[in-house]
Amino acid sequence: MTHVSEGTLQAFLDGELPDRERAEVMRHLAGCADCAAELEVLRAAACDLSAALGWLDTPAPTATALASVRQVSSIPRIGPRFGFSDRAAGVAASTRRALVRAAMLVLGLAAAASAAIPGSPIRDWLMDTWQRVAGDDTVAVPTAPAMDPAVAPAAPATASAERMAGISILPRDGEIRIVLESPAHSSPIYVRLIDGSTASVFTNGDPGAASFRTAPGRITVANAGPEGVRVDLPRGAAAALLTVDGHAFAVKDADSLRAIAPAERASAEELVFRVGT
Amino acid sequence: MDYDRLFHLLYPSLHRYLHRLTGDADVADDIAQEAFVRLLSQPLPEDEARPWLFTVATNLVRDRVRKSTRRDRLLVKAPPPTPFGPPPDEVAERSQRIDAVRATLEKLPERDRQLLLMREEGFKYDEMASAVGVAPSSVGTLLARALKRFAEAHKSQEVGDDARE
């Protein structure tokens, strides 16, 4: 007797056979114990897989993910994203990069001006625009950090509030992940604890090819330039992790920062790293 | 295309597929986000969006696997358990089961994993064939073998865990 192949049995199980072939298989199964047993093996294997996979599942963060997609798609891309290329753009890449750099510089200048002047209408305008674009309050308006010499780490001579671009997010379930991908070699990374509820990441100097991505509780910055990155972590977050090219650099435990990678300067409130050292 | 409605309809399934495929919630978040951002610029009929998204996402996973090097993953320290959380032995059992399933999936070739997980999401054979890059006529055979491999590997993983206890 010619038996039914395992591929045909699987297709039968999955409802993928045309009607005529399905009828033939059913007739064969009625008279062939071996093929009927093989069908049961496949059926049991499929049930085992479904049950096993159920253990892995966690609820998808649909609402916050939609906000992230809207936010990311409203920010002009500053150069190619890490690992992905944009084939859909109709504008020449060089023209787009120039326009985007200009837009980021204007945004950075406006954010710096708003932070410098208490009660500035520019800040109110920025917040209102951001809320309308993002449509979700899980992402805050980017603000330039306060230049308080008692808290801020020693910045490079060339860094200034006017030349910073950044992004802020709220923790997810109390946790924050900051992911830096391919930062410039020997560039500084400043990490500090701040009061407030949002985590922020800023790139110093000309944004250049740096790109920002967000996901619930996570900021990813790719290709930050040689003037470095500044990371502000909220003191109230339950936990936080900073990774650079897949390596853990720092964690926030309870109320303090802890360096995992060698740091140039380290305290419970502030860490300074140098990439590649 | 009603983007928001499509997003709410398709995102949970895509995220679940990616999380099961990669074992990494962050990567699942990232790739799902990238796929949906790309969908914004695609003039697709709604009924083509789902297979398109899964194909793009599967390719992005493949690209990422090719580019990534072996890394140590350090997880953020979990907050201490609250008095109202599940008892420790339940947490331990769940953790063991998750590790067993994850270890079993890791033993399968990437293509087998993709096919099995797309089947779990209800895709047709021609859609799976297109996403993974095989002939539609071979999908049944590939699935049957992958299912048997998973069942055998999962059983021996669980037997191994029981022997260690």
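The legends below describe close-up views of a predicted model with chains A and B.

**View 1. Strand S5 of chain A and its two faces.**
Strand S5 of chain A spans residues 211–215, and five of its five residues are buried. In a regular strand the side chains alternate between the two faces of the sheet. On one side of S5(A) are A:Ser211, A:Arg213 and A:Ala215, and on the other are A:Phe212 and A:Thr214. Both faces of S5(A) are covered, as these residues are all buried.

**View 2. The hairpin of S5 and S6 in chain A.**
Strand S6 of chain A, residues 218–222, pairs with S5(A) in the antiparallel sense over five bridges. Two residues lie between S5(A) and S6(A) in this hairpin. A:Gly217 sits in the turn and has a positive phi of about 75 degrees. Two of the facing positions can be named: A:Ala215 stands opposite A:Arg218, and A:Arg213 has A:Thr220 as its bridge partner.

**View 3. The six-stranded sheet of chain A.**
The hairpin strands belong to an open sheet of six strands in chain A, in the order S5-S6-S2-S8-S9-S10. Pairing within this sheet is mixed. S5 and strand S10 (256–259) of chain A are the edge strands, and each pairs on one side only. Direction ignored, neighbouring strands of the sheet are turned against each other by 15 degrees on average.

**View 4. Helix H2 of chain B across the sheet of chain A.**
Helix H2 of chain B, residues 25–39, lies across S5 and S6 of chain A and also across strand S2 (175–181) of chain A. H2(B) runs at about 115 degrees to S5(A). One of the residues in H2 of chain B is B:Asp30, the centre of the next view.

**View 5. The surroundings of B:Asp30.**
How accessible is B:Asp30? B:Asp30 has a relative accessible area of 5% and is buried because that value falls under 20%. Leaving aside neighbours within four places in sequence, B:Asp30 is in contact with A:Arg213, A:Arg218 and B:Arg64. With A:Arg213, the side chain of B:Asp30 forms a salt bridge at 3.0 Å, N to O. With B:Arg64, the side chain of B:Asp30 makes a polar contact of 2.9 Å. A:Arg213 is thus shared between two views: its bridge partner in S6(A) is A:Thr220, and its side chain meets that of B:Asp30 in the other chain.

**View 6. The interface of chain A and chain B.**
In this view, 54 residues of chain A are in contact with 52 residues of chain B. The two chains bury about 5000 Å² between them, with 59% of it on carbon and sulfur atoms. Nine salt bridges are found across the interface, and 15 residue pairs are in polar contact. On the side of chain A that touches chain B, the elements giving two or more residues are helices H1 (6–13), H3 (33–54) and H4 (62–74) and strands S2, S5, S8 (239–244) and S9 (247–253). H3(A) supplies the largest share of that side, 11 residues.

**View 7. Helix H5 of chain B.**
Helix H5 of chain B, residues 110–120, is largely enclosed by the rest of the structure, because eight of its 11 residues are buried. The buried residues of H5(B) are B:Asp112, B:Arg113, B:Gln114, B:Leu115, B:Leu116, B:Leu117, B:Met118 and B:Arg119. After H5(B) comes B:Gly122, with a positive phi near 85 degrees.

How values were computed. Residues numbered from 1 in each chain as written. Chains lettered and ligands numbered in written order. Predicted model: local features only at pLDDT ≥ 70, side-chain atom pairs only at ≥ 80, totals over all residues. Heavy atoms only, no water. Buried < 20%, exposed > 50% of the residue type's maximum accessible area, 1.4 Å probe, protein only. Helix = DSSP H or I, 4+ residues; strand = E, 2+ residues; numbered from the N terminus. Pairing = 2+ DSSP bridges. Axes fitted to C-alpha atoms, helices over the stretch in contact; angles between N-to-C directions. Contact = heavy atoms within 4.5 Å. Buried area = accessible area lost by both parts, 1.4 Å probe. Salt bridge = Lys/Arg side-chain N within 4 Å of Asp/Glu carboxyl O. Polar contact = N/O pair within 3.5 Å; in protein donor to acceptor, adjacent residues only side chain to side chain.
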